[in-house]
Amino acid sequence: MRVIDWLVVAAYLTWVIVDGLRMSRRTKEMEGYLLASRSLPWWAVGLSVMATQLSAITMTSTTGQGYADGLRFVQFYFGLPIAMIILSVTVVPFFMRARVYTAYEYLERRFDLKTRTLTAVLFLISRGLSCSVIIAAPALILSIILGWNLTLTVLAIGLPTVLYTMIGGVQAVTWTDVKQMGIVVFGILAAVAVLILGLPDGMGLGSALHVAGAAGKMQALDFRFDLTQKYTFWSGMIGAVFLFLSYFGCDQSQVQRYLTAKSVQQGRQSLFVSAFVKIPLQALILFTGVLVFLFFLFNRGPMLFNSEPLEGIKAGPHAAEYAAMEREYDAAFEVRREAATALAGRGDDASRAAFLAADQAVRDVRSRASALVRDATHANYADVNYVFPSFVLNYMPAGLTGLLIAAIFLAAMSSSGGELNSLATTTVIDVYRRHLKPDADDAHYLLVSKLATAGWGVFVCIAAVYAVQLGSLIEVVNRYGSYFYGSILGVFILAIGTKRANGHGAFVGLIGGMVAVGLVAGATKVEFLWLNVVGAVAVTVVGLIVSALTRPAAAR
Amino acid sequence: MAGTGTTGTTGTTGTTGTTVTDERARLAPTFVAIVVVQLAVILGLYWVGRYFG
């Protein structure tokens, strides 16, 4: 990075952290610290809801998915508007009028303590793990460009986040999220502009997109009803609805966002922001990945984008083999560039076939090179998360590189800040205050909330170091979640949707749901989005049966 | 919703005195707008796939 880029990053991050710390003046009591005294405007809450979900992973891994698979990942979000509509008339008024701190608090009122505690603990485990992934993604990027040790990089992101979240509470988190959304959208639009301007002279965007289409990158919709396919229209419209109902309706990291709104109506409006904007925004981010694919069709990028293990390969016993692959890649790249140019110009079947053959040759070389790295290092080797950062660092104009790196930094910080805040809230409200010290004063709980934020910060930083060893990061996050989300949703369906369920039914149903998810995930090839449906349905069915069997005879 | 009395079609919301029916009627145009926008985006993506694919 150039000096001006570093200055942009430093200035932006300093502003965010100082502004976050300034919020501590408004957080002198627990409700102010955890819920901003239920005083925030809908648009800020709405942007915070989006920003908590739009992490650095979205910027690095989603653009990488656009580069590798095209637009099809957008189907994942098709269920989100439907989920928002359902939530706006069910849980939003419900939780806000109950004036709870956490979603799980309500479960004790409706069922019993054991159901509340188990659900809260499941949230703490799943959200703690996913928060670590959210910190790991930008840590990977920075460890490459700075040549830093990964642990140090995780700490460089995690410590400032813990600091401003611990001191400023949810106010700092929300207003950091607002800044993040502004800078992320601006950064993505700037990248799109640079990518379009970077097309070869004389080649229009339409012609270039026909080339991307020939490579299958423009096919967003897949109508096959196949449970073993990860992203289809149906998995998005059915499986993802369950995921989003659970994520936005039962997950404290999201529930806490709209609990800070001034009124029920403002809480609803905050969810409508996502309902309107989320799919177009995700499509834009994936489209950016497709444009990066086009960019590297005409500009010679590295054979492998994750450069970390390559120095060792080039100096080791596989050096000659790797060098031969690089020469093969150079030749294949030139053939593909010419084929892509011909396809953009003529668009006939022959040039299309020639381009597809050339693209396949490039992919073959990259695939063999990745296998070589895996063999040589005896470790997982993933390339997809490095594509967009490589473009940003090497091809964006001075200043904009810094802006986008700051945006990736900030995306990680704001998402993980929101999650740390919710982890601390659940720890204090559902565990500490309920089980360990129920009669302390407000100042004590405020202090414990800050300590819990710090404690979770340490945990997620340690877990982040291990999370980077896993494959495509966004899938890791969603996979973690889908083992728990459907089951937790099932408990809330029992609580809010039926009068027949009781505490025993909900508790046994929750365990039964998780067992069902584990069995389906272990014994079949059903993709993870459908696990949310399995979990929710299993908990509901088992819960109702157990409730019927354990109901007192008089009630029956 | 069990235990709250808010989901019946004529129950009150408990804070404003408006009925649930009133509340949902007020929200209906927003819901329709969300569905229309979503359908437009999906159709747009379908067209993009057909045209450029």
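Which residues in helix 5 of chain A meet helix 13 of chain A? In this predicted model, the helix 5 side consists of A:Leu80, A:Pro81, A:Met84, A:Ile85, A:Leu87 and A:Ser88. Their partners in helix 13 of chain A are A:Arg268, A:Leu271, A:Phe272, A:Ser274, A:Ala275, A:Lys278 and A:Ile279. By class, the residues of this contact comprise nine nonpolar, two polar and two charged. As for geometry, the axes of helix 5 (residues 80-89) and helix 13 (residues 264-298) of chain A come within 9 Å and cross at roughly 170 degrees. Because angles over 145 degrees count as roughly antiparallel, helix 5 of chain A is roughly antiparallel to helix 13 of chain A.

Both helices reappear where chain A touches chain B. That contact draws 28 residues from chain A and 23 residues from chain B. On the side of chain A, two or more residues come from each of helix 5, helix 6 (91-98), helix 10 (205-214) and helix 13. Helix 13 of chain A gives the most, with six residues. The side of chain A that touches chain B has 20 nonpolar, five polar and three charged residues.

A further helix pair in chain A is formed by helix 1 (residues 3-22) and helix 18 (residues 400-436), which pack at an angle of about 35 degrees with their axes 7 Å apart. The crossing of helix 1 of chain A past helix 18 of chain A is right-handed. Helix 1 of chain A contributes residues including A:Trp6, A:Tyr12 and A:Val16, and helix 18 of chain A contributes, among them, A:Gly402, A:Phe409 and A:Leu410. This contact divides into 13 nonpolar, two polar and one charged residue.

Methods. Residues numbered from 1 in each chain as written. Chains lettered and ligands numbered in written order. Predicted model: local features only at pLDDT ≥ 70, side-chain atom pairs only at ≥ 80, totals over all residues. Axes fitted to C-alpha atoms, helices over the stretch in contact; angles between N-to-C directions. Helix = DSSP H or I, 4+ residues; strand = E, 2+ residues; numbered from the N terminus. Parallel < 35°, antiparallel > 145°, perpendicular 65-115°, else oblique. Contact = placed C-beta atoms within 7 Å. Nonpolar A, V, L, I, M, F, W, Y, C, P; charged D, E, K, R; others polar. Left-handed = near helix turned anticlockwise from the far one by under 90°.
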